[in-house]
Amino acid sequence: MPRSRCRYSFMCLLLLVLVSSVLGAQQLPPGMKLAKIEVQGSSLFTPDEIGKMSGLRTGQDIDLAVLAKAASTLAGWGYFAAVSFSYNYTGTNLTANFQIGDERKLLPALFDNFVSIRDEEIREAIRQDYPFFAGKVPGAGTANEYIQGKVEKLLVQKGSPATVSFSEITGIGQIQMVFRQDKETPVCAVRVQGVSGDAESEILTAAAKLQKEPYSRQSINQFMNTTLIPAARKHGYWRLELQGTTALQDASSCSSGATVLLRFNSGSVYSWGSAVWEGNQKQTTAKLEELSGMQRGEIANIAKIES
């Protein structure tokens, strides 16, 4: 029985000429069916996931134009730096083989200012059709457009339609792909979890600056580093971490804004042990300890240490 093998390789820059170049090379015999999809080279996705991303399904009619379109679709997602395909067939049964080079620069997706829908709802909606979504997206490609459309549909279902945009933004220590709606919601109240006592009061006082500002996770993350962490360190919480931010529509707090819940991991309370002094030639260590005003065992208050 006749067998044939052929291979075509391309990068994203060649997608516009891919189909014409492939079709100009040769044609498959008529009546071919896709019997199997094989994938090599990707550590980001399973072969089944990549098969679904390609739009192919076993049993369908297949020719070179369909294979070329599937390869173009894979490259268009943005998750792959290189895509090539080969095929072989026996009789009318064809096996398609895709060779994949993963894109190494993937960005965390941040859903920035959504109040009516939660992250879990967005991720669940995306995974209904594309279960491969794991929270990171490419810098360019149809993946981001798909997420954009999915979030807009979700907003319509929630009775809060809005236009969603996405852009690559440098955050605190990392670059993120930020998805935002064009509808702003003011912050009317702030609550905190994970800290208590004087530290909680200090953080709530500092967080009052967020009130009446448009809700934005990105802005809150920046505010965390510039304002809330220093406030917590006054009370010895030197490893305070923001575990999550949730915007709630709470009619008991406000009718037209959002109540923001900040969930912290406070870590241990640090106390003063001792200081290491370098570069001093005029004062004794004992004198410098006295001048610092810090006593062994007291709360390591950053305001006092830096004063």
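These legends accompany close-up views of a predicted model.

**View 1. Helix α4 packs against helix α5.**
Let's start with two helices, α4 (residues 119–129) and α5 (residues 142–157). Their axes lie 10 Å apart and meet at an angle of about 120°. Angles of 65 to 115 degrees count as roughly perpendicular and those over 145 as roughly antiparallel, so α4 and α5 are described as oblique to each other. The crossing of α4 past α5 is right-handed. On the α4 side, the contact is made by Glu121, Ile122, Ala125, Ile126 and Asp129. Facing them from α5 are Tyr146, Ile147, Lys150, Val151 and Leu154. Sorted by character, the residues of this contact are 7 nonpolar and 3 charged, with no polar ones.

**View 2. The buried residues of α4 have several packing partners.**
Staying with α4, which of its residues are buried? They are Asp119, Glu121, Ile122, Ala125 and Ile126. The list takes in acidic side chains such as Asp119 and Glu121 alongside Ile122, Ala125 and Ile126. These buried residues pack against strand β5 and against two helices, α5 and α7 (217–233).

**View 3. Helix α2 packs against helix α3.**
Here you can follow α2 (residues 47–54) as it packs against α3 (residues 64–77). The axes are 8 Å apart, and the packing angle is about 105°. That angle falls in the range of 65 to 115 degrees, and α2 and α3 are therefore roughly perpendicular to each other. Look for Ile50, Met53 and Ser54 on α2, which meet Ala70, Thr73, Leu74 and Trp77 of α3. This contact has 5 nonpolar and 2 polar residues, and no charged ones.

**View 4. Four strands form an open sheet with mixed pairing.**
Reading across the sheet, the strand order is β6-β5-β8-β7. Which strands stand at the edges? They are β6 (136–138) and β7 (164–170). Each has a single partner strand, so one side of each is left without a neighbour in the sheet. On average, and with direction ignored, neighbouring strands are turned by 40° against each other.

**View 5. Strand β5 pairs with edge strand β6.**
Now for a closer look at one pair from that sheet. How do β5 (residues 106–111) and β6 pair, in the parallel or the antiparallel sense? The pairing is antiparallel and runs over 3 bridges. To find one of the bridge partners, start at Leu106 and look across to Pro138 in β6. Strand β5 also links this view to View 2, being one of the elements that the buried residues of α4 pack against.

Definitions and conventions:
Residues are numbered from 1 along each chain as its sequence is written. This is a predicted model: local features need pLDDT of at least 70, side-chain atom pairs count only at pLDDT 80 or more; totals for chains, interfaces and linings use all residues. Side-chain values use heavy atoms; hydrogens and water are left out. Axes are lines fitted to C-alpha atoms, for helices over the stretch in contact, and angles run from 0 to 180 degrees between N-to-C directions. Angles under 35 degrees count as roughly parallel, over 145 as roughly antiparallel, 65 to 115 as roughly perpendicular and the rest as oblique. A crossing is left-handed if the near helix is turned anticlockwise from the far one by less than a right angle, and right-handed if clockwise. Contact means heavy atoms within 4.5 Å. Ala, Val, Leu, Ile, Met, Phe, Trp, Tyr, Cys and Pro count as nonpolar, Asp, Glu, Lys and Arg as charged, and the others, Gly among them, as polar. Two strands pair if DSSP finds at least two bridges between them. Buried means under 20% relative accessible area, exposed over 50%, partly exposed in between (1.4 Å probe, protein chains only).
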